[in-house]
Amino acid sequence: MIETSYSIDFEKIVLPHWSIVGHISEVPNVGDSFTVNIGNESIIIVKDNFNNINAFLNVCPHRGARICNPGKSNIDRLVCPYHSWDFELNGKGTNASLRKFQTVIFGGLILVSLADNPLLLNNFRKDILMCAKAYGWESAKVAHRETFSFNVNWKVVLQDYLECYHCPNVHPLYAKVHGSEAQRFLGIDPTAANPTNPNHDGVYIPTTDHWIHKDYKDIEQEPITVYQNKLMNNDIVTGSKDGSPIAPLMGKYKNKNYDRTRTGVIFGFLNSTMSYPDYTVIYRLIPKSDKYTESEIIWLVDKDAVEGKDYNVNDLIYLWKHTILEDIEFLTKVQDGTSSYFFNSSGKLKNNLEESVVRFTQWYNKNVRETIQ
Ligand code: FES
Ligand SMILES: [Fe+2]
């Protein structure tokens, strides 16, 4: 399934689905802006004079020059550096307007779709707000965001993110911290990846599963699933190198304490989150060509947390950065192997351990691959 061309994947995957592009704390003031990539497209996120957060194609409608350089800034107007066409913060210009995309803000997250008619967000809205409330996303700030490069097809990366069968081998530290998964995948406790006991005394998040239904009936909805798991043992309370607390508690945890759980969300195909009581990571998959993919990680902490006093960025990002660097090294070998003329994995996936990979692969084959004539 890897050989499908990038342009088909762009039309079927990148275009219709929503992307998390950032957090409201990144554009607190009028004129605050930053650029972000969705697939190969560069998008400008900017807060206008009416406090709307807008998303524009970072391409001048005149002769196609990039308008903004990569990164953050504060601007009064958008001005193209080539022939000085200028645009208001709502995208309107004297000669032409910028291409504008749909945005929604849920639970502090900024989402953008490049589609004229994006997928519906009914289930998504409910599930995201549930997580946002529990983990304090609306009153968070971005502590760090970093982009990583894979010389790998995006589907190889996604499939890796969708299972933890490989974790004990490839990610020993992650497996040590995220114990329930490791136990399950090592066969020690096959039920360990099930939702946390609802009677536990922490913050309970029910499992919801609206992620690419097996009957394919819900394809007009953005697919989403939410799951809460236990961490390894009493000494491990969050996703840090040694499992010890790493930042001030967030959301509902401020009135509770660490409860040795963490909650994951998979939405669409290109976004996921992992929340611990004291921080959240947002994972963005950015397919750029058939053999090149970027993945951006955004770390959220409580907005009042002070860097250097309440948290240390290097400690905060250690586990997930370490894990993605392991993936970069390993997935290059997978890309090489799956490029073999003789390789065909159909029917060889382990349903009990790779359920999400199976679901994605079936969905992709039916909705993307089989539509190509
Ligand atoms: S390309 Fe932007 S003003 Fe000419
Ligand atoms: Fe991995």
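In this predicted model, a good place to start is strand 4 (residues 53-57), which is joined to strand 8 (residues 100-106) by two bridges, the two running antiparallel. Within that pair, Ala55 sits opposite Phe101 of strand 8. Strand 8 also has strand 9 (residues 109-113) as a partner, and here five bridges hold an antiparallel pairing. Gln102 finds its bridge partner in strand 9 at Ser113. Strand 8 and strand 9 make up a hairpin with two residues between the strands, and Gly107 takes a positive phi there, near 55°.

Moving on from strand 9, the next stop is strand 1. Five bridges link strand 1 to strand 9, again antiparallel, and Ile20 stands across from Leu111 of strand 9.

On the strand 2 side, things look like this. Strand 2 (residues 32-38) pairs with strand 3 (residues 41-47) in the antiparallel sense, over six bridges. One of the matched positions is Asn37, whose bridge partner in strand 3 is Ser42. These strands form a hairpin too, with two residues between them, and Gly39 in the turn shows a positive phi of about 60°. Strand 2 is also paired with strand 5, antiparallel and over three bridges; Asp32 stands opposite Asn74 in strand 5.

Put together, these pieces belong to an open sheet of seven strands, in the order 1-9-8-4-3-2-5, with antiparallel pairing. Strand 1 (18-23) and strand 5 (72-74) are the edge strands, each pairing on one side only. From one strand to the next, the twist averages 30°.

Further along the chain comes another open sheet. Seven strands build it in the order 10-16-15-14-13-12-11, and the pairing is antiparallel. Strand 10 (140-150) and strand 11 (208-210) are at its edges; each has a single partner strand, so one side of each is left without a neighbour in the sheet. Neighbouring strands in this sheet are turned against each other by 20° on average, ignoring direction.

Part of that sheet is the pair made by strand 12 (residues 224-230) and strand 13 (residues 261-267), which run antiparallel and are joined by seven bridges. Tyr227 has Gly264 of strand 13 as its bridge partner. Helix 3 (residues 154-161) packs on the sheet, where it touches strand 10, strand 14 (271-276), strand 15 (279-289) and strand 16 (292-302). The direction of helix 3 makes about 155° with that of strand 15. Helix 7 (residues 313-338) is another helix to look for: it lies across strand 10, strand 15 and strand 16, and runs at about 20° to strand 10.

Ser295 gives a close-up of this region. It is found in strand 16. Ser295 has 23 other C-beta atoms within 10 Å, so it is buried, the cut-off being 20 or more. Setting aside neighbours within four places in sequence, the contacts of Ser295 are Phe148, Phe150, Val157, Tyr283, Arg284, Leu285, Ile286 and Ile324. Ser149 is worth finding as well: the C-alpha atoms of Ser295 and Ser149 are separated by 6.5 Å, while the residues are 146 apart along the chain.

Two backbone oddities round things off. Most residues other than glycine have a negative phi. Ser84, though not a glycine, has a positive phi of about 65°. Ser84 sits in the loop between strand 6 (78-79) and strand 7 (86-87). With 8 other C-beta atoms within 10 Å, Ser84 is exposed, the limit for that label being 12 or fewer.

Arg260 is not a glycine either, and its phi is positive at about 60°. This residue lies in the loop between strand 12 and strand 13. Arg260 has 23 C-beta neighbours inside 10 Å and therefore counts as buried. So the two residues sit in contrasting surroundings, because Ser84 is exposed whereas Arg260 is buried.

Technical notes. Residues numbered from 1 in each chain as written. Chains lettered and ligands numbered in written order. Predicted model: local features only at pLDDT ≥ 70, side-chain atom pairs only at ≥ 80, totals over all residues. Pairing = 2+ DSSP bridges. Helix = DSSP H or I, 4+ residues; strand = E, 2+ residues; numbered from the N terminus. Axes fitted to C-alpha atoms, helices over the stretch in contact; angles between N-to-C directions. Contact = placed C-beta atoms within 7 Å.
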